[in-house]
Amino acid sequence: MFFLPVRDDNPTRTTPVVNRALIALCFLAFGLQIWLGTPFVVEWSFIPVRLTAFLVGSADPLAPLTLFTAMFLHGGWGHILGNLLFLWLFGDNIEDAYGHLGYLAFYLACGALSFVAQYVTAPTSPVINLGASGAISAVMGAYILMYPRATVQIFFFPLSLLSGSFGVPAWLMLGLWFVTQLSPAIQSLGQMSGGGVAYWAHICGFVAGLLITLALRPRRHVAPAFHTPLRQRSYRF
(Lines give C-alpha, C1' and ligand atoms only; values in the text may rest on other atoms or scores of the structure.)
Protein backbone atom coordinates (compact mmCIF):
# COMPACT_ATOMS: atom_id res chain seq x y z
CA MET A 1 0.00 0.00 0.00
CA PHE A 2 1.13 3.58 -0.63
CA PHE A 3 -0.39 7.03 -0.64
CA LEU A 4 0.09 10.24 -2.55
CA PRO A 5 -1.37 13.70 -1.95
CA VAL A 6 -3.31 14.77 -5.03
CA ARG A 7 -4.46 18.26 -4.03
CA ASP A 8 -5.03 20.57 -1.09
CA ASP A 9 -8.22 22.52 -0.54
CA ASN A 10 -6.43 25.76 0.26
CA PRO A 11 -6.90 28.52 -2.35
CA THR A 12 -4.32 31.29 -2.83
CA ARG A 13 -4.78 35.00 -3.40
CA THR A 14 -1.87 35.44 -5.82
CA THR A 15 -0.49 33.60 -8.85
CA PRO A 16 2.46 31.41 -7.74
CA VAL A 17 4.83 32.57 -10.48
CA VAL A 18 8.00 31.72 -8.54
CA ASN A 19 6.79 28.24 -7.61
CA ARG A 20 5.92 27.53 -11.23
CA ALA A 21 9.29 28.88 -12.37
CA LEU A 22 11.11 26.61 -9.90
CA ILE A 23 9.22 23.61 -11.23
CA ALA A 24 10.01 24.63 -14.81
CA LEU A 25 13.72 25.04 -13.99
CA CYS A 26 13.82 21.58 -12.44
CA PHE A 27 12.37 20.09 -15.61
CA LEU A 28 14.79 22.13 -17.73
CA ALA A 29 17.75 20.93 -15.68
CA PHE A 30 16.49 17.36 -15.92
CA GLY A 31 16.37 17.72 -19.68
CA LEU A 32 19.98 18.90 -19.65
CA GLN A 33 20.89 15.89 -17.54
CA ILE A 34 19.43 13.57 -20.14
CA TRP A 35 21.11 15.45 -22.98
CA LEU A 36 24.56 16.06 -21.47
CA GLY A 37 24.80 12.95 -19.31
CA THR A 38 26.89 12.09 -16.28
CA PRO A 39 29.59 14.80 -16.62
CA PHE A 40 26.91 17.51 -16.31
CA VAL A 41 25.40 15.83 -13.24
CA VAL A 42 28.76 15.42 -11.52
CA GLU A 43 29.78 19.01 -12.27
CA TRP A 44 26.68 20.65 -10.79
CA SER A 45 25.71 18.23 -8.01
CA PHE A 46 26.78 18.76 -4.41
CA ILE A 47 29.61 16.44 -3.37
CA PRO A 48 30.69 16.78 0.30
CA VAL A 49 34.35 15.99 -0.23
CA ARG A 50 34.49 18.65 -2.94
CA LEU A 51 33.28 21.30 -0.50
CA THR A 52 35.72 20.08 2.13
CA ALA A 53 38.54 20.43 -0.36
CA PHE A 54 37.37 23.96 -1.15
CA LEU A 55 37.32 24.88 2.55
CA VAL A 56 40.95 23.87 2.94
CA GLY A 57 41.90 25.80 -0.18
CA SER A 58 42.61 22.97 -2.59
CA ALA A 59 39.64 22.84 -4.97
CA ASP A 60 37.67 24.87 -7.48
CA PRO A 61 35.82 27.98 -6.24
CA LEU A 62 32.50 26.80 -7.71
CA ALA A 63 32.03 24.13 -5.03
CA PRO A 64 29.83 26.36 -2.80
CA LEU A 65 27.64 27.16 -5.81
CA THR A 66 26.64 23.51 -6.03
CA LEU A 67 24.73 23.94 -2.76
CA PHE A 68 22.20 25.76 -4.95
CA THR A 69 22.56 24.14 -8.37
CA ALA A 70 22.18 20.62 -6.95
CA MET A 71 18.62 21.31 -5.82
CA PHE A 72 17.53 21.58 -9.46
CA LEU A 73 18.96 18.17 -10.43
CA HIS A 74 17.27 14.80 -9.90
CA GLY A 75 18.15 11.12 -10.02
CA GLY A 76 15.39 9.91 -12.33
CA TRP A 77 11.77 10.32 -13.38
CA GLY A 78 10.38 8.96 -10.12
CA HIS A 79 12.59 11.33 -8.13
CA ILE A 80 11.65 14.48 -10.02
CA LEU A 81 7.94 13.72 -10.39
CA GLY A 82 7.55 12.84 -6.71
CA ASN A 83 9.38 15.97 -5.57
CA LEU A 84 7.59 18.35 -7.88
CA LEU A 85 4.19 16.94 -7.01
CA PHE A 86 4.74 18.02 -3.40
CA LEU A 87 6.16 21.38 -4.51
CA TRP A 88 3.16 22.00 -6.79
CA LEU A 89 0.68 21.19 -4.02
CA PHE A 90 2.22 23.08 -1.11
CA GLY A 91 4.53 25.70 -2.59
CA ASP A 92 1.81 28.01 -3.93
CA ASN A 93 0.43 28.74 -0.45
CA ILE A 94 3.87 29.42 0.99
CA GLU A 95 4.65 31.80 -1.87
CA ASP A 96 1.31 33.46 -1.21
CA ALA A 97 2.33 34.01 2.41
CA TYR A 98 5.96 35.05 1.89
CA GLY A 99 5.54 37.05 -1.30
CA HIS A 100 7.35 36.20 -4.52
CA LEU A 101 10.88 37.35 -3.66
CA GLY A 102 10.60 36.27 -0.05
CA TYR A 103 9.53 32.81 -1.12
CA LEU A 104 12.44 32.51 -3.56
CA ALA A 105 14.93 33.47 -0.84
CA PHE A 106 13.26 31.09 1.62
CA TYR A 107 13.33 28.19 -0.85
CA LEU A 108 16.96 28.63 -1.91
CA ALA A 109 18.25 29.24 1.62
CA CYS A 110 16.49 26.21 3.07
CA GLY A 111 17.59 24.03 0.18
CA ALA A 112 21.22 25.02 0.74
CA LEU A 113 20.88 24.46 4.50
CA SER A 114 19.57 20.96 3.89
CA PHE A 115 22.68 20.10 1.88
CA VAL A 116 24.84 21.55 4.65
CA ALA A 117 23.07 19.26 7.13
CA GLN A 118 23.86 16.25 4.97
CA TYR A 119 27.43 17.53 4.61
CA VAL A 120 27.95 17.74 8.38
CA THR A 121 27.09 14.05 8.76
CA ALA A 122 29.80 13.01 6.27
CA PRO A 123 32.12 15.85 5.12
CA THR A 124 34.54 13.51 3.33
CA SER A 125 31.90 11.55 1.42
CA PRO A 126 32.37 11.35 -2.36
CA VAL A 127 28.69 10.55 -2.87
CA ILE A 128 26.74 12.84 -5.18
CA ASN A 129 23.91 14.78 -3.49
CA LEU A 130 21.15 16.17 -5.69
CA GLY A 131 17.44 16.94 -5.63
CA ALA A 132 14.93 19.49 -4.41
CA SER A 133 13.81 17.38 -1.44
CA GLY A 134 15.45 19.56 1.21
CA ALA A 135 13.93 22.78 -0.10
CA ILE A 136 10.54 21.13 -0.56
CA SER A 137 10.75 19.73 2.97
CA ALA A 138 11.15 23.32 4.16
CA VAL A 139 8.01 24.26 2.25
CA MET A 140 6.22 21.43 4.02
CA GLY A 141 7.54 22.58 7.39
CA ALA A 142 6.20 26.07 6.73
CA TYR A 143 2.88 24.65 5.55
CA ILE A 144 2.27 22.52 8.64
CA LEU A 145 2.82 25.59 10.80
CA MET A 146 0.68 28.01 8.82
CA TYR A 147 -2.08 25.75 7.51
CA PRO A 148 -2.35 22.75 9.87
CA ARG A 149 -6.11 22.40 9.41
CA ALA A 150 -6.17 22.68 5.62
CA THR A 151 -7.56 19.60 3.90
CA VAL A 152 -5.18 17.48 1.83
CA GLN A 153 -6.76 14.97 -0.53
CA ILE A 154 -4.90 11.63 -0.45
CA PHE A 155 -4.92 8.84 -3.01
CA PHE A 156 -4.43 5.68 -0.94
CA PHE A 157 -3.71 2.61 -3.05
CA PRO A 158 -5.55 0.26 -3.39
CA LEU A 159 -8.44 1.57 -1.28
CA SER A 160 -8.86 4.73 -3.35
CA LEU A 161 -9.48 2.67 -6.46
CA LEU A 162 -12.89 1.93 -4.97
CA SER A 163 -13.70 4.96 -2.84
CA GLY A 164 -11.74 7.82 -4.38
CA SER A 165 -9.39 10.20 -2.59
CA PHE A 166 -9.58 10.79 1.15
CA GLY A 167 -9.39 14.15 2.89
CA VAL A 168 -7.02 14.43 5.87
CA PRO A 169 -5.82 17.49 7.80
CA ALA A 170 -2.44 18.81 6.69
CA TRP A 171 -0.92 18.40 10.16
CA LEU A 172 -1.63 14.66 10.04
CA MET A 173 -0.33 14.03 6.55
CA LEU A 174 2.81 16.17 6.89
CA GLY A 175 3.42 15.08 10.48
CA LEU A 176 3.37 11.41 9.49
CA TRP A 177 5.71 12.16 6.60
CA PHE A 178 8.20 13.78 8.99
CA VAL A 179 8.02 10.86 11.43
CA THR A 180 8.81 8.42 8.62
CA GLN A 181 12.08 10.28 7.98
CA LEU A 182 13.41 9.98 11.53
CA SER A 183 14.13 6.26 11.89
CA PRO A 184 15.95 5.77 8.56
CA ALA A 185 17.90 8.99 9.20
CA ILE A 186 19.24 7.63 12.48
CA GLN A 187 20.00 4.26 10.91
CA SER A 188 21.88 5.91 8.06
CA LEU A 189 24.40 7.70 10.29
CA GLY A 190 26.99 4.96 9.90
CA GLN A 191 26.35 4.40 6.22
CA MET A 192 26.74 7.85 4.67
CA SER A 193 29.34 6.72 2.16
CA GLY A 194 26.95 4.32 0.51
CA GLY A 195 24.50 6.79 -0.97
CA GLY A 196 20.72 6.44 -0.87
CA VAL A 197 18.06 8.83 0.35
CA ALA A 198 19.34 11.99 2.08
CA TYR A 199 17.10 11.73 5.13
CA TRP A 200 19.03 14.28 7.14
CA ALA A 201 18.55 16.82 4.37
CA HIS A 202 14.79 16.18 4.58
CA ILE A 203 14.73 16.59 8.36
CA CYS A 204 16.89 19.71 8.37
CA GLY A 205 14.86 21.27 5.57
CA PHE A 206 11.58 20.60 7.35
CA VAL A 207 12.82 21.97 10.68
CA ALA A 208 14.46 24.97 9.00
CA GLY A 209 11.25 25.82 7.17
CA LEU A 210 9.25 25.55 10.35
CA LEU A 211 11.65 27.64 12.47
CA ILE A 212 12.19 30.35 9.86
CA THR A 213 8.46 30.68 9.39
CA LEU A 214 7.93 30.78 13.13
CA ALA A 215 10.52 33.55 13.43
CA LEU A 216 9.40 35.65 10.45
CA ARG A 217 5.65 35.11 10.84
CA PRO A 218 4.80 35.86 7.19
CA ARG A 219 1.33 37.11 6.36
CA ARG A 220 -1.19 34.43 5.55
CA HIS A 221 -4.85 33.99 4.91
CA VAL A 222 -6.94 31.66 7.03
CA ALA A 223 -7.10 28.27 5.35
CA PRO A 224 -10.41 26.43 5.20
CA ALA A 225 -10.72 24.08 8.18
CA PHE A 226 -10.43 20.36 7.57
CA HIS A 227 -13.60 18.97 6.08
CA THR A 228 -14.56 15.96 3.95
CA PRO A 229 -17.85 16.57 2.16
CA LEU A 230 -18.88 13.75 -0.15
CA ARG A 231 -18.78 15.96 -3.21
CA GLN A 232 -14.99 16.33 -2.82
CA ARG A 233 -14.28 12.63 -3.15
CA SER A 234 -12.81 11.83 -6.52
CA TYR A 235 -10.53 9.57 -8.49
CA ARG A 236 -8.01 12.23 -9.44
CA PHE A 237 -4.46 10.92 -9.51
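Helices are DSSP runs of H or I with at least four residues, numbered from the N terminus. I34 is found in one of these, helix α1. The model described here is predicted.

**Overall make-up**

The protein has ten helices and three strands. Read from the N terminus, the elements follow the order β-α-α-α-α-α-α-α-β-α-β-α-α. Of its 237 residues, 49% count as buried. The accessible surface comes to about 11,500 Å², and carbon and sulfur atoms hold 71% of that area. Among contacts with a separation of 6 or more, 80% are made by residues 24 or more positions apart.

**A nonpolar patch on the surface**

F27, I34, W77 and L81 make a nonpolar surface patch of about 430 Å². The elements giving two or more residues to this patch are α1 (17-36) and α5 (77-98). I34, in α1, has a relative accessibility of 56%, and because the cut-off for exposed is over 50%, I34 counts as exposed. In an α-helix there are 3.6 residues a turn, so residues three or four places apart point the same way.

**Three residues compared by accessibility**

The table sets I34 beside two residues from other elements.

| Residue | Element | Relative accessibility | Class |
|---|---|---|---|
| I34 | α1 | 56% | exposed |
| L216 | α10 (residues 199-216) | 54% | exposed |
| D9 | β1 (residues 2-9) | 12% | buried |

**D9 in strand β1**

D9 is found in strand β1, which covers residues 2-9. Its relative accessibility is 12%; buried means under 20%, so D9 counts as buried. What does the side chain of D9 make a polar contact with? The partner is the side chain of Q153, at 3.3 Å.

**L216 in helix α10**

L216 lies in helix α10, residues 199-216. With a relative accessible area of 54%, L216 is exposed. The C-alpha atom of L216 is separated by 9.3 Å from that of Y98, although the two residues are 118 residues apart along the chain. Y98 falls within the range of α5 (77-98), one of the elements that contribute to the nonpolar patch.

**Helix α7**

Helix α7 runs over residues 133-146 and has 14 residues. Is α7 mostly covered or mostly open? The helix is mostly covered, with 13 of its 14 residues buried. Its length can be checked against its residue count: at 1.5 Å a residue the helix should span 20 Å, and its end C-alpha atoms are 20 Å apart, so the two values agree. The expected span uses one less than the number of residues.

How values were computed:
Residues numbered from 1 in each chain as written. Predicted model: local features only at pLDDT ≥ 70, side-chain atom pairs only at ≥ 80, totals over all residues. Heavy atoms only, no water. Patch = residues over 30% accessible without salt bridge, like charges linked within 9 Å, V, L, I, M, F, W, Y side chains within 5 Å. Areas by Shrake-Rupley, 256 points an atom, 1.4 Å probe, with all protein chains shown as cover. Salt bridge = Lys/Arg side-chain N within 4 Å of Asp/Glu carboxyl O. Buried < 20%, exposed > 50% of the residue type's maximum accessible area, 1.4 Å probe, protein only. Contact = heavy atoms within 4.5 Å. Polar contact = N/O pair within 3.5 Å; in protein donor to acceptor, adjacent residues only side chain to side chain.
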